[in-house]
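Me: I have just opened this one and would like to go through it slowly. Could you walk me through it while I ask questions as they come up?

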Amino acid sequence: SSTDKRIELYGQFYDDTQILGSKTALDSLKHTNTWYNRYLYGKSIQLSNIGQNMSSLISYFINKLPFIIFFYLPVFALFIWLLYMRHPFNYMEHLIFVFHLQSLCFVLYSIALILNIIGVPEVIYSIASLIFLFYLYKALRKFYAQGRFKTIVKFILINFVFLILAGIGVILAFIV
């Protein structure tokens with residue numbers, strides 16, 4: 001599309017000239033100085049910089065994480081509410097359950113990060129993930145009081161939806 005071509009052109013122009021100011025760049029390219037063109041130029045600079053430095057990509061998403069989570073958790077709670085519609089819980093109880101799970105996730109990864117800074121190998125993140133997944137299964141089983149088979153099926157479905165929503169959140173954070 002024309003937008004993709006423009007982003008590619010702006011990215012190439014930035015790589016060649018290293019001009020950060022969108023107004024100056026658009027004047028040099030003889031493009032109109034519209035909000036949309038300035039936005040595209042800024043995004044092309046971000047794409048160019050991210051391609052050169054993976055740590056800037058990680059830093060970018062860590063900075064956007066609170067916004068992703070703020071909008072993401074209520075949607076995830078809505079999905080769980082729909083999945084467990086036959087249970088007597090209302091949406092707010094599912095939302096509190098999701099916040100509880102997210103809090104545990106933050107605690108586990110915070111501990112893993114501290115241990116990693118101290119010198120424990122990065123396998124600690126995998127261990128934290130396994131602990132969280134085990135806890136999630138047990139919490140679903142206890143909170144919703146269902147059998148093993150139903151809980152495992154819903155556990156797999158919830159994790160699949162979690163990955164989809166996380167991917168959408170990352171894409172939206174990158175667009176914003």
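Me: Let me start with Asn-37: is it buried or exposed?

Reply: Asn-37 is buried, with a relative accessible area of 5%. Please keep in mind throughout that this is a predicted model, so the values we discuss are computed from that prediction.

Me: Where does Asn-37 sit, and which residues is it in contact with, leaving aside its neighbours within four places in sequence?

Reply: Asn-37 lies in helix α3, which covers residues 35–52. Once the neighbours within four places in sequence are set aside, Asn-37 is in contact with Arg-6, Tyr-10, Leu-26, His-31 and Thr-32.

Me: And how are Asn-37 and Thr-3 placed, what separates their C-alpha atoms?

Reply: The two residues are 34 apart along the chain, and their C-alpha atoms are separated by 9.4 Å.

Me: Before I go further, what is the mean pLDDT of the chain?

Reply: The mean pLDDT of the chain is 85, and 91% of its residues reach 70 or more. Confidence is not even along the chain, since it is lowest in α4, at a mean of 78, and highest in α6, at 94.

Me: Changing topic to the aromatic rings, how many aromatic pairs are there?

Reply: The count comes to 13 aromatic pairs. One of them joins Tyr-84 and Tyr-144, whose ring centres are 3.7 Å apart and whose planes are at 5°, so this pair is stacked. The two tyrosines come from distant parts of the chain, 60 residues apart, with Tyr-84 in the loop between α4 (54–83) and α5 (91–118) and Tyr-144 in helix α6 (residues 123–144).

Me: Why do Tyr-84 and Tyr-144 count as buried?

Reply: Tyr-84 counts as buried because its relative accessibility is 1%, and Tyr-144 counts as buried because its relative accessibility is also 1%, while the cut-off for buried is under 20%.

Me: Which other pair does Tyr-144 form, with Phe-89, stacked or edge-to-face?

Reply: Phe-89 and Tyr-144 form an edge-to-face pair, with 5.8 Å from centre to centre and 75° between the planes. Phe-89 lies in the loop between α4 and α5 whereas Tyr-144 is in helix α6, so the pair ties together parts that are 55 residues apart in sequence. Phe-89 itself is partly exposed, with a relative accessible area of 22%.

Me: Which residues do ring pairs link into a cluster there?

Reply: The cluster linked by ring pairs is made of Tyr-84, Phe-89, Phe-97, Phe-143 and Tyr-144.

Me: Now charges, how many salt bridges does the count come to?

Reply: The count comes to one salt bridge, in which the side chains of Lys-23 and Asp-27 meet at 3.4 Å, N to O. As background, side chains of opposite charge can pair when their charged atoms come close.

Me: How are those two placed in the helix, Lys-23 and Asp-27?

Reply: Lys-23 and Asp-27 are four residues apart in helix α2 (residues 22–29), so they are separated by about one helical turn. Lys-23 is partly exposed, with a relative accessible area of 48%, and Asp-27 is partly exposed at 43% relative accessibility.

Me: What about the backbone, which sign does the phi of Gln-18 have, positive or negative?

Reply: The phi of Gln-18 is positive, near 60°, in a residue other than glycine. For context, most residues other than glycine have a negative phi. Gln-18 is placed in the loop between α1 (2–17) and α2, and it is partly exposed, with a relative accessible area of 45%.

Me: And Lys-30, where is it found and what is its phi?

Reply: Lys-30 is found in the loop between α2 and α3, and it has a positive phi of about 60° although it is not a glycine. Lys-30 is exposed, with a relative accessible area of 73%.

Me: Last topic, the surface: which residues make the nonpolar patch?

Reply: The nonpolar surface patch, of about 650 Å², is made by Leu-157, Phe-160, Ile-164, Ile-168, Ile-171, Leu-172 and Ile-175. Among them, Ile-168 has its place in helix α7 (residues 148–175), and it counts as partly exposed at 43% relative accessibility.

Methods: Residues are numbered from 1 along each chain as its sequence is written. This is a predicted model: local features need pLDDT of at least 70, side-chain atom pairs count only at pLDDT 80 or more; totals for chains, interfaces and linings use all residues. Side-chain values use heavy atoms; hydrogens and water are left out. Rings of Phe, Tyr and Trp (its six-membered ring) pair if their centres lie within 6.5 Å; planes under 30 degrees apart count as stacked, over 60 as edge-to-face and the rest as tilted. Buried means under 20% relative accessible area, exposed over 50%, partly exposed in between (1.4 Å probe, protein chains only). Contact means heavy atoms within 4.5 Å. Patches are made of residues with over 30% relative accessible area and no salt bridge: like charges are joined within 9 Å, nonpolar side chains (Val, Leu, Ile, Met, Phe, Trp, Tyr) within 5 Å. Accessible areas come from the Shrake-Rupley method with a 1.4 Å probe; for residues, only the protein chains shown count as cover. A salt bridge is a side-chain nitrogen of Lys or Arg within 4 Å of a carboxyl oxygen of Asp or Glu. pLDDT is the predictor's confidence in each residue, from 0 to 100.
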